[in-house]
Amino acid sequence: MMFLFVDKRRAEEVRKALLEKRMVDNTYTLIKEGQGEVGFPLKRIGRGEADDLMKKYNGRIKNLGEGLAVKRKKSELPRSLKELSSRYIKKSLSTYETIGGIAIVELPEGITKEEEHAIGNALLKMNRNIKGVYAKAGKYEGIFRTRKLRLIAGTDNKETIHRENNVLLKLNVEEVYFSPRLASERKRIFSLVRPEERVLVMFSGCGPYVFEIAKNTEASSVAGIEINPVAHRYALENMKLNHAYNVELYGGDVRDVIPVLKQGSYSFDRIVMPLPKGADDFLDVAFEVAKEGACIHMYDFLREEDIPDAAEDKVKNACLRQGWKPEILRTVKCGQYGPHIYRTCTDFRVSR
Ligand SMILES: C[S@@+](CC[C@H](N)C(=O)[O-])C[C@H]1O[C@@H](n2cnc3c(N)ncnc32)[C@H](O)[C@@H]1O
């Protein structure tokens with residue numbers, strides 16, 4: 001087994017260069033030698049390359065033989081995706097999300113199938129709860145805001161049960177929109193709910209807002225409306241899973257369902273609108289079932305320089321058109337969507 005020994009003061013520089021050239025054999029551990037030297041295990045390289053390395057880093061190459069070179073132990077698995085990716089591929093992956101027993105990674109372009117499997121398998125080993133690792137294979141798209149995924153390791157089963165804020169959510173991660181990154185925003189919303197409120201969640205998906213409000217507050221009832229039939233079916237299952245019986249779920253377009261609710265004299269103290277692309281287009285329907293003094297939470301995607309004015313202007317204009325008076329309470333950032341683009345939520349009250 002060939003090792004490149006260099007002065008330990010140059011170890012970081014050499015480590016980066018060897019990783020970049022994919023010359024390190026990660027199945028062996030580094031060796032620290034007496035006089036401040038570090039030895040890097042090398043993949044098979046030619047004599048010319050070995051000479052170049054010695055010259056460039058003022059090092060020496062030593063063949064230690066299988067007995068002296070130490071195989072990396074299983075417990076030395078990488079502890080983070082950052083560490084993992086810098087070990088297996090050149091580009092660094094800083095984060096991955098887990099939904100129940102599924103991990104979802106965003107892979108940089110140009111990585112090989114081998115590297116993909118290495119990342120997927122290492123993630124399975126790092127977290128025993130993960131049964132399948134998927135790579136994002138598309139952006140959120142369409143009315144249902146779903147995205148394509150591609151299995152890179154483990155078992156191919158896109159259905160899972162996720163736990164968040166005292167609630168269980170069963171869903172198929174490809175057919176239903178769900179982001180675990182919104183857990184603290186959902187907590188912010190349910191912390192605002194007062195006893196006996198009637199709450200409506202438009203665009204309710206598989207029910208995260210609905211069930212977290214139902215289970216963590218003293219709301220008298222929570223209604224959800226969702227157009228994606230698969231998401232709606234999971235929401236119905238989640239109602240049973242969470243024994244949430246102060247909940248009413250409607251499958252369909254909010255534009256069709258809300259007039260029916262209005263006919264049945266339904267009205268709400270609080271309306272949540274978690275559809276960041278275009279929620280303002282539905283403010284007119286929300287007003288149809290808003291009680292006097294109702295609180296509305298409208299989500300949006302905004303460029304940093306447009307926060308809060310762009311969202312608050314949409315609210316003020318919609319209120320003006322429909323004859324309501326808005327009282328803007330706050331606009332909060334609740335996640336980053338892209339460079340300098342944020343998911344925001346504007347909380348406001350409406351009165352006649
Ligand atoms: C960004 S997702 C949010 C889902 C869920 N509230 C959550 O936080 O996970 C928006 C949801 O709105 C649904 N949707 C889009 N347009 C709709 C409409 N006109 N009526 C009802 N639901 C709609 C989509 O199918 C999608 O599930």
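**Reading the labels on this structure**

Biologist: Why does Arg22 count as partly exposed?

Modeller: In this predicted model, Arg22 has a relative accessibility of 36%, and because buried means under 20% and exposed means over 50%, a value of 36% falls in between, so Arg22 counts as partly exposed. Arg22 sits in the loop between helix 1 (11–20) and strand 2 (31–33), and its phi is near 55°, which is a positive value in a residue other than glycine.

Biologist: What makes Asn58 count as exposed?

Modeller: The relative accessibility of Asn58 is 67%, and since exposed means over 50%, Asn58 is placed in that class. Asn58 belongs to the loop between helix 2 (47–57) and strand 4 (60–63), and just after helix 2 it takes a positive phi of about 50°, although it is not a glycine.

Biologist: Which residues of helix 2 are buried, and how do you know that they are on the same side?

Modeller: The buried residues of helix 2 are Ala50, Leu53 and Tyr57. They cover an arc of only 60° around the axis, and therefore they are on the same side of helix 2. A general rule fits here: an α-helix has 3.6 residues a turn, so residues three or four places apart point the same way. The buried residues of helix 2 pack against strand 1 (2–7), helix 1 and strand 4, whereas Arg47, Asp52, Lys55 and Lys56 are exposed on the other side of helix 2.

Biologist: Which residues of helix 9 are buried, and what puts them on the same side of that helix?

Modeller: Helix 9, residues 254–263, has Val254, Val257, Ile258 and Leu261 as its buried residues. The arc they cover around the axis is only 100°, which means that they lie on the same side of helix 9. The face turned away from that buried side carries the exposed residues Asp256, Val260 and Gln263. As for partners, the buried residues of helix 9 pack against strand 11 (198–202), strand 12 (221–226), strand 13 (247–251), strand 14 (268–273) and helix 10 (283–288).

Biologist: What is found at the start of helix 9, and what follows that helix?

Modeller: At the start of helix 9, a side-chain oxygen of Asp253 comes to within 2.9 Å of the backbone nitrogen of Arg255. Helix 9 is followed by Ser265, which has a positive phi near 60°.

Biologist: Which residues are closest to the ligand, and how many in the shell are nonpolar, polar and charged?

Modeller: The ligand is surrounded by 18 residues, of which the closest are Arg186, Phe203, Glu226, Asp253 and Val254. The shell divides into 11 nonpolar, 4 polar and 3 charged residues. A nitrogen atom of the ligand is 3.0 Å from an N or O atom in the side chain of Asp253. For Phe203, a polar backbone atom is 2.8 Å from a nitrogen atom of the ligand, and for Ile227, a backbone N or O atom lies 3.2 Å from a nitrogen atom of the ligand. Taken alone the ligand exposes 600 Å², and the protein buries 96% of that.

Biologist: Why does Glu97 count as buried, and with which side chains does the side chain of Glu97 make a polar contact?

Modeller: Glu97, in strand 5 (residues 96–99), has a relative accessibility of 5%, and because buried means under 20%, Glu97 counts as buried. The side chain of Glu97 makes a polar contact with the side chain of Arg147 at 2.9 Å and with that of Arg181 at 3.3 Å; both values satisfy the distance part of the criterion, because a polar contact requires N or O atoms within 3.5 Å.

Biologist: What makes Glu327 count as partly exposed?

Modeller: Glu327 is found in strand 16 (residues 325–338), and its relative accessibility is 46%; since partly exposed is the class between under 20% and over 50%, Glu327 counts as partly exposed. Leaving aside neighbours within four places in sequence, Glu327 is in contact with Asp347, Phe348 and Arg349.

Biologist: Where does Pro308 lie, and what is the peptide bond from Ile307 to Pro308?

Modeller: Pro308 lies in the loop between strand 15 (290–303) and helix 11 (309–322), and the peptide bond from Ile307 to Pro308 is cis, with omega near 0°.

Technical notes. Residues are numbered from 1 along each chain as its sequence is written. This is a predicted model: local features need pLDDT of at least 70, side-chain atom pairs count only at pLDDT 80 or more; totals for chains, interfaces and linings use all residues. Side-chain values use heavy atoms; hydrogens and water are left out. Buried means under 20% relative accessible area, exposed over 50%, partly exposed in between (1.4 Å probe, protein chains only). Helices (H or I, at least four residues) and strands (E, at least two) are DSSP runs, numbered from the N terminus. The arc is that of the directions from the helix axis to the C-beta atoms. Contact means heavy atoms within 4.5 Å. A polar contact is a pair of N or O atoms within 3.5 Å; within protein, one must be able to donate a hydrogen and the other to accept it, and residues adjacent in sequence count only if both atoms are side-chain atoms. A residue is near a molecule or strand if one of its heavy atoms lies within 4 Å of it. Accessible areas come from the Shrake-Rupley method with a 1.4 Å probe; for residues, only the protein chains shown count as cover. Ala, Val, Leu, Ile, Met, Phe, Trp, Tyr, Cys and Pro count as nonpolar, Asp, Glu, Lys and Arg as charged, and the others, Gly among them, as polar.
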